[in-house]
Amino acid sequence: MKKWLWSLAVIYLVLLTWIILFKMSLRIPPLGHYRMINMIPFADPAIINGKVNQTEQIYNFLIFVPVGIYLSLLFGSRFLKNSLIIAGISLFYEVMQYILGIGATDVTDLLLNTAGGIAGLFIFWLLKKLLKKKTEPILLILATVCTILFISLFLVLFIANHR
């Protein structure tokens with residue numbers, strides 16, 4: 001079971017990298033053309049049709065929820081350690097965007113990604129309280145189904161863009 005869980009976690013991290021660094025593009029963007037650092041949290045939200053659009057902020061939160069769940073499944077409910085790992089993963093992606101020049105390095109993203117991962121830690125904790133020993137098998141099945149669906153989405157996008 002642990003080998004399968006590790007495999008799913010690695011696949012998730014590959015997909016997370018594809019989403020964050022390559023913006024779900026099937027082509028590697030030109031490197032070094034866009035570098036920006038925003039150190040002011042929640043500054044300059046996207047405004048569409050005169051309304052503040054927080055969709056990207058919600059996505060930044062949600063995309064990291066599985067990170068917290070995977071860490072809890074793999075390493076147990078070690079809140080502080082797992083929270084630091086989540087923040088480290090988020091910081092890694094933000095720094096890589098800057099180094100590669102392929103996106104904006106934004107403290108808001110760092111905060112929301114970390115908060116999403118911590119929410120994943122709390123979701124795991126809550127499920128563990130409610131489902132007890134059934135938690136891990138249920139989450140493993142759910143992670144497998146979600147991974148298959150996400151890989152299927154990737155393949156559909158790949159095929160659609162290469163016709």
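Helices here are DSSP runs of H or I with at least four residues, strands are DSSP runs of E with at least two, and both are numbered from the N terminus. The model is a predicted one, in which local features need pLDDT of at least 70, side-chain atom pairs count only at pLDDT 80 or more, and totals for chains, interfaces and linings use all residues. Residues are numbered from 1 along each chain as its sequence is written, and side-chain values use heavy atoms, with hydrogens and water left out.

## Exercise 1: The overall plan

Task: find how many helices and strands the protein has, and in which pattern they follow one another.

Solution. Step 1: count the elements, and you arrive at 6 helices and 4 strands. Step 2: walk along the sequence, where the pattern reads α-β-β-β-α-α-α-β-α-α. Step 3: turn to burial, where buried means under 20% relative accessible area, exposed means over 50%, and partly exposed lies in between (1.4 Å probe, protein chains only). Of the 163 residues, 33% count as buried. Step 4: look at contacts, meaning heavy atoms within 4.5 Å. Among those between residues at least 6 apart in sequence, 77% join residues at least 24 apart.

## Exercise 2: Helix 4 and its two sides

Task: work out which residues of helix 4 are buried, and where they sit around the axis.

Solution. Step 1: check the length. Helix 4 has 22 residues and reaches 31 Å from first C-alpha to last, close to the 32 Å expected; the expected span is 1.5 Å times one less than the number of residues. Step 2: list the buried residues, which are Asn-82, Ser-83, Ile-86, Ile-89, Ser-90, Tyr-93, Glu-94 and Gln-97. Step 3: place them around the axis. They cover an arc of only 125 degrees, so they fall on the same side of helix 4; the arc is that of the directions from the helix axis to the C-beta atoms. A reminder helps here: an α-helix has 3.6 residues a turn, so residues three or four places apart point the same way. Step 4: look at the other side, where Leu-80 and Leu-84 are exposed. Step 5: find the packing partners of the buried residues, namely helix 1, strand 1 (34-38), helix 3, strand 4 and helix 5. Step 6: move past the end of the helix to Gly-101, whose phi is positive, near 65 degrees.

## Exercise 3: Ser-90 up close

Task: decide whether Ser-90 is buried or exposed, and say which residues are in contact with it.

Solution. Step 1: locate Ser-90 in helix 4. Step 2: read its relative accessible area, which is 0%, so Ser-90 is buried. Step 3: set aside neighbours within four places in sequence; the contacts of Ser-90 are then Phe-64, Asp-109, Leu-110, Asn-113 and Thr-114. Step 4: take Asn-113 from that list. Ser-90 and Asn-113 are 23 residues apart in sequence, yet their C-alpha atoms are 6.1 Å apart.

## Exercise 4: The two ends of helix 5

Task: describe what is found at the start of helix 5 and what follows the helix.

Solution. Step 1: begin with Asp-106, which lies in strand 4 (residues 102-106). Asp-106 counts as buried because its relative accessibility is 16%. Step 2: follow its side chain, from which an oxygen reaches to within 2.8 Å of the backbone nitrogen of Thr-108 at the start of helix 5. Step 3: add its contacts beyond four places in sequence, Asn-38 and Glu-94. Step 4: cross helix 5, whose 25 residues reach 36 Å, close to the 36 Å expected. Its buried residues are covered by elements including strand 1, helix 2 (55-62), helix 3, helix 4, strand 4 and helix 6. Step 5: at the far end, Lys-132 follows the helix with a positive phi, near 55 degrees. Most residues other than glycine have a negative phi. Lys-132 belongs to the loop between helix 5 and helix 6, and it counts as exposed because its relative accessibility is 56%.

## Exercise 5: The nonpolar core

Task: identify which residues of the largest nonpolar core touch the most other members.

Solution. Step 1: fix the term. A nonpolar core is a set of buried Ala, Val, Leu, Ile, Met, Phe, Trp, Tyr and Cys residues joined through side-chain atoms within 4.5 Å. Step 2: among the 25 residues of the largest core, those touching the most other members are Leu-16, Phe-64, Val-67, Tyr-70 and Tyr-93. Step 3: the elements giving two or more residues to this core are helix 1 (2-22), helix 3 (65-75), helix 4 (79-100), helix 5 (107-131) and helix 6 (135-161). Step 4: zoom in on Leu-16, which touches Ile-63, Phe-64, Val-67 and Tyr-93, not counting residues up to four places away in sequence.

How values were computed
Polar contact = N/O pair within 3.5 Å; in protein donor to acceptor, adjacent residues only side chain to side chain.
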